[in-house]
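Let us walk through this structure one element at a time. Keep the 3D view open and follow along.

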Amino acid sequence: MTEVTRTAIRAAAALIRPHVRHTPVLDVDLADFGRAAHPVALKLECLQHSGSFKARGAFTSLLTRDVPDAGVVAASGGNHGAAVAYAAARLGVPATVFVPSVTSAAKADRIRGYGAKLVVGGDRYADALAASEEFVASTGALTVHAYDQPETLIGQGTLGLETGQDLPDVDTLLVAVGGGGLIGGLAAWFRGDVKMVAVEPEGAPTLHRALAAGAPVDAPAGGIAADSLAPKQVGQLMFPLAQQFVAASVLVTDDAIASAQLALWETARVVAEPGGATALSALLSGAYVPEPGERVAVLVCGANTTAVRFTG
């Protein structure tokens with residue numbers, strides 16, 4: 001699997017089907033959240049194994065490539081590492097995951113809980129990636145890249161296939177963007193059949209800046225969702241797909257993301273991490289305003305957080 005095509009995505013969907021969940025759709029109305037009434041479908045990929053959509057790309061990579069005795073290695077803000085650790089545990093191969101110091105305790109604990117070796121490498125994702133590359137050079141372990149690898153994009157594209165099956169009449173899909181593996185895979189599947197809206201934090205406008213510049217460029221890597229949506233650049237592989245098939249790119253504030261995270265819990269009893277609530281925050285903050293009759297769906301893409309604590 002080296003071509004990110006619909007054919008490859010269909011094949012991957014069949015291959016990983018025994019290992020991933022078909023996640024549900026929750027129908028809500030923006031009026032429930034204090035906005036003007038408008039129906040919205042929430043695709044709850046936050047309920048996926050390992051707590052995010054990343055399990056799709058991880059299983060696709062491990063099931064289609066030869067894994068050496070040294071196992072697999074990943075650099076991650078947290079969710080990708082958890083997914084690789086989960087897939088490796090299920091398939092019986094060793095995994096080493098490099099994370100930056102900004103990784104949340106919830107994600108670090110999940111990675112360890114799946115049995116992977118966790119290594120903190122620097123303060124940001126780019127630091128962890130560099131450390132993982134040194135590890136690969138010395139051990140020969142197989143790299144599973146978080147977003148800039150064909151198998152990763154193909155695996156994430158299976159979520160597009162599934163979403164299209166669940167919501168065949170959707171007009172617009174709002175997607176949070178970090179390195180771009182998810183929206184790249186979705187763009188490769190939908191290929192303009194659905195309006196794709198990229199949503200990013202103001203503190204990490206990676207795709208937004210790349211689209212303005214016409215190429216991936218360095219961007220700030222901060223904000224409330226820095227452990228999931230703050231690489232230095234978007235991936236080289238996804239960028240042509242984004243240029244061709246992403247219709248709009250909007251930015252949201254940290255306050256808007258936090259408000260959406262709280263609103264999801266209080267209104268829909270859905271737990272999302274900041275990155276997982278980012279796409280919805282565009283609707284709740286007014287950064288994206290749908291047209292009357294526009295059939296809108298939002299990917300709630302991650303739930304690895306300790307924001308909700310059960311004490312009794």
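In this predicted model, strand β7 sends Thr172, Leu174 and Ala176 one way and Leu173 and Val175 the other way, and all are buried. In a regular strand the side chains alternate between the two faces of the sheet. Burial here means a relative accessible area under 20%. Since 5 of the 5 residues of β7 are buried, the strand is largely enclosed by the rest of the structure.

Next, the pairing. Strand β7 covers residues 172–176 and runs parallel to strand β8, residues 195–201, with 5 bridges joining them. Threonine 172 has lysine 195 as its bridge partner in β8. Valine 175 stands opposite alanine 198, also in β8.

Which sheet holds these two strands? It is an open sheet of 6 strands, with mixed pairing and the order β1-β2-β10-β7-β8-β9. Strands β1 (25–29) and β9 (246–252) are at the edges. Each has a single partner strand, so one side of each is left without a neighbour in the sheet. From one strand to the next, the twist averages 25 degrees. Helix α6, residues 150–166, packs on this sheet. The helix touches β1, β2 and β10 (296–300), and its direction makes about 140 degrees with that of β2.

Now the other sheet. This one is open too, with 4 strands in the order β5-β4-β3-β6 and parallel pairing. At its edges stand β5 (117–120) and β6 (142–143). Both have a single partner strand, so one side of each lacks a neighbour in the sheet. Helix α3 packs on the sheet and touches β3 (72–75) and β4. The direction of α3 makes about 165 degrees with that of β3. Strand β4, residues 95–99, is joined to β5 by 4 bridges, and the two run parallel. One residue to pick out is phenylalanine 98, whose bridge partner in β5 is valine 119.

Follow α3 itself, residues 79–91, to leucine 91. Is leucine 91 buried or partly exposed? Its relative accessibility is 30%, so it counts as partly exposed. Leu91 joins Leu15 and Leu63 in a nonpolar surface patch of about 190 Å².

Helix α2 is another enclosed element. Of its 11 residues, 9 are buried, so the helix is largely enclosed by the rest of the structure. The buried residues are Lys54, Ala55, Arg56, Gly57, Ala58, Phe59, Thr60, Ser61 and Leu62. What do they pack against? Their partners are α1 (6–16), β3, α3 and α6.

Just ahead in the tour are two backbone oddities. Most residues other than glycine have a negative phi. Serine 50 is not a glycine, yet its phi is positive, about 70 degrees. This serine sits in the loop between β2 (39–44) and α2 (54–64). With 4% relative accessibility, serine 50 counts as buried, because that value is under 20%. Arginine 269 also has a positive phi, near 55 degrees, and is a residue other than glycine. Its loop runs between α10 (254–268) and α11 (274–285). Arginine 269 is exposed, because its relative accessible area is 54% and the cut-off for exposed is over 50%.

Last, turn to helix α8, residues 206–213, which holds arginine 209. At 40% relative accessibility, arginine 209 counts as partly exposed. What does arginine 209 touch, leaving aside residues up to four places away in sequence? The contacts are Val217, Asp218, Ala219 and Pro220. The C-alpha atoms of arginine 209 and alanine 219 are separated by 7.0 Å, with the two residues 10 apart along the chain.

Glycine 214 is in the loop between α8 and α9 (239–245). A relative accessible area of 39% makes glycine 214 partly exposed. Beyond residues up to four places away in sequence, glycine 214 touches Phe239 and Gln243. Alanine 198, the residue met opposite valine 175, offers a way back to β8. Glycine 214 and alanine 198 are 16 residues apart in sequence, and their C-alpha atoms are 16 Å apart in space.

Key. Residues are numbered from 1 along each chain as its sequence is written. This is a predicted model: local features need pLDDT of at least 70, side-chain atom pairs count only at pLDDT 80 or more; totals for chains, interfaces and linings use all residues. Side-chain values use heavy atoms; hydrogens and water are left out. Patches are made of residues with over 30% relative accessible area and no salt bridge: like charges are joined within 9 Å, nonpolar side chains (Val, Leu, Ile, Met, Phe, Trp, Tyr) within 5 Å. Accessible areas come from the Shrake-Rupley method with a 1.4 Å probe; for residues, only the protein chains shown count as cover. A salt bridge is a side-chain nitrogen of Lys or Arg within 4 Å of a carboxyl oxygen of Asp or Glu. Buried means under 20% relative accessible area, exposed over 50%, partly exposed in between (1.4 Å probe, protein chains only). Two strands pair if DSSP finds at least two bridges between them. Contact means heavy atoms within 4.5 Å. Axes are lines fitted to C-alpha atoms, for helices over the stretch in contact, and angles run from 0 to 180 degrees between N-to-C directions.
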